[in-house]
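Please look over the sequence and the model below before reading on. The report is written for someone meeting this structure for the first time.

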Amino acid sequence: MERTRVVIMGAAGRDFHNFNVYFRARPEDEVVAFTATQIPNIAGRRYPAELSGPHYPTGIPIFPESELTRLIRQHTVQQVVFAYSDVSHLDVMHRASTAMAAGADFRLLGPGQTMIKSKRPVVAVTAVRTGVGKSQTTRRVTSILKAGGLRVAVVRHPMPYGDLREQIVQRFAVLADLDRHHCTIEEREEYAPHLSEGNVVFAGIDYARILEQAEAEADVVVWDGGNNDYPFYAPDYHLVLLDPLRPGHETRYFPGEVNLKMAHCAIINKIDSARPETVAELHRVVAENNPQAVIIDARSPIKVTDADAIQGARVLAIEDGPTITHGEMSHGAAYIASQQHGAAEIVDPRPYAVGTLKAAFETYPHLGKVLPAMGYSQEQMDELKATIEATPADLVVIGTPIDLASLLHLKKPSVHLEYSLEEVGKPDLADLLAPLMRSAAVSRPS
């Protein structure tokens with residue numbers, strides 16, 4: 001049988017999942033390569049044989065996305081599957097044009113082909129863009145479920161930046177597990193706040209096997225999405241977050257618009273930082289695109305560990321990496337908090353950036369006077385530390401939810417920010433989750 005030759009375009013997340021649940025067991029298809037973008041140090045590796053299945057005894061190579069045309073022509077690729085997130089509709093179609101011009105069809109696999117059905121109720125937290133506030137929303141959801149006496153397992157969208165063979169299924173229950181799994185800054189930012197609140201977090205690569213483990217110890221599974229991707233698991237209740245600080249993005253980015261159109265509830269976050277007319281416009285957008293969705297307005301208050309230290313200081317503002325890089329925000333919470341609490345100056349880190357951080361400022365020219373907390377490898381973490389120490393600031397304001405100063409052993413004094421989600425009015429999340437909670441309590445194993 002002649003097999004259809006396929007290239008999967010990805011960023012070490014959705015692409016691996018789509019392969020696992022759709023392509024791995026299909027003898028009629030041959031995935032000749034993955035391509036990689038967004039995340040450094042992914043290209044040049046192989047998707048290992050331990051995960052690839054019997055049709056791929058030597059695994060599958062991963063190439064930079066820039067080699068897509070060469071791969072299509074060299075391997076007579078008939079189909080290119082786009083499988084990553086937080087990309088504008090325009091950019092998706094530019095990639096489609098590249099694939100088609102080289103001779104391949106262009107394809108998207110949707111939720112119906114890729115979501116796994118759980119034996120437990122699933123609450124999914126997604127967004128229309130990265131950096132909208134999924135993490136604090138997920139923690140709010142878990143607190144409601146646990147207050148109702150339910151056991152909760154959080155399953156996080158993948159971030160497999162290390163040895164893929166060791167990351168098939170990962171379980172995090174205590175902070176020491178972060179060191180045991182050699183977690184990057186990005187992983188710690190997502191996992192550590194959950195662990196501090198007593199939540200068990202699962203992640204990895206093979207999400208069918210991950211789900212089996214999560215189901216074994218939970219009454220409810222909470223899907224903690226990444227970027228603006230749609231869930232890997234079929235949700236019984238689906239939340240999507242919208243950002244009034246980036247109006248219009250909710251219908252211009254893939255696959256965030258998919259979440260907007262399929263969610264049960266739309267949360268318009270950050271209303272405490274937005275203009276009322278923008279919030280009203282998002283209400284209209286939700287009603288137009290998903291008239292069945294319940295709309296919740298929410299605040300995203302920021303707590304600074306030592307706000308007084310900012311007053312009169314020359315500060316370096318460090319922001320969540322994905323939010324201000326491919327999330328396209330010029331600055332974030334650290335910059336805003338520095339202004340609000342009377343910083344004498346926000347020091348521009350760009351002249352002092354080294355290595356991949358210097359390259360990031362060139363790749364993302366929209367960035368303002370803030371430093372992205374990029375740390376996808378030990379080398380990049382070393383570059384981040386070197387850039388911080390070289391920047392002539394009195395104080396580092398860390399806009400990520402982890403103690404970055406201790407992790408990097410910084411010499412400069414620092415403060416960091418903590419985030420929460422506060423719904424405004426009724427119904428709130430507790431009201432909306434009540435039917436699912438009753439169902440979960442009835443069906444929980446004895």
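What follows describes an open sheet, a helix that lies across part of that sheet, and a pocket.

## The nine-stranded sheet

In this predicted model, nine strands form an open sheet with mixed pairing, and their order across the sheet is β10-β11-β9-β12-β8-β13-β15-β16-β23. The two edges are held by β10, covering residues 169-172, and by β23, covering residues 422-424, each of which pairs on one side only. From one strand to the next, the twist averages 25°.

At the β10 edge, the neighbouring strand is β11, made of residues 200-204, and the two run antiparallel, joined by four bridges. One residue pair can be named here, since F172 has V201 of β11 as its bridge partner.

## The helix across the sheet

The helix α8, which spans residues 185-196, lies across four strands, namely β9 (152-156), β10, β11 and β12 (220-224), and its direction makes an angle of about 155° with that of β11.

## The second largest pocket

The second largest pocket holds about 430 Å³ of space. Its lining comprises 19 residues, and those closest to the centre of the pocket are A192, S196, P401, I402 and D403.

Helix α8 also contributes to this pocket, for at least two residues of the lining come from each of α7 (176-180), α8, α16 (404-408) and the strand β22 (414-419). By residue class, the lining of the second largest pocket consists of ten nonpolar, three polar and six charged residues.

How values were computed
Residues are numbered from 1 along each chain as its sequence is written. This is a predicted model: local features need pLDDT of at least 70, side-chain atom pairs count only at pLDDT 80 or more; totals for chains, interfaces and linings use all residues. Side-chain values use heavy atoms; hydrogens and water are left out. On a 1 Å grid over the protein atoms alone, a cavity is a set of points where a 1.4 Å probe fits but cannot get out, and a pocket is an open set with protein on both sides within 12 Å along at least five of seven lines; lining residues have an atom within 4 Å of a point. Grid points are joined across faces, edges and corners, and a volume is the space filled by probe spheres set on the points. Ala, Val, Leu, Ile, Met, Phe, Trp, Tyr, Cys and Pro count as nonpolar, Asp, Glu, Lys and Arg as charged, and the others, Gly among them, as polar. Two strands pair if DSSP finds at least two bridges between them. Axes are lines fitted to C-alpha atoms, for helices over the stretch in contact, and angles run from 0 to 180 degrees between N-to-C directions. Contact means heavy atoms within 4.5 Å.
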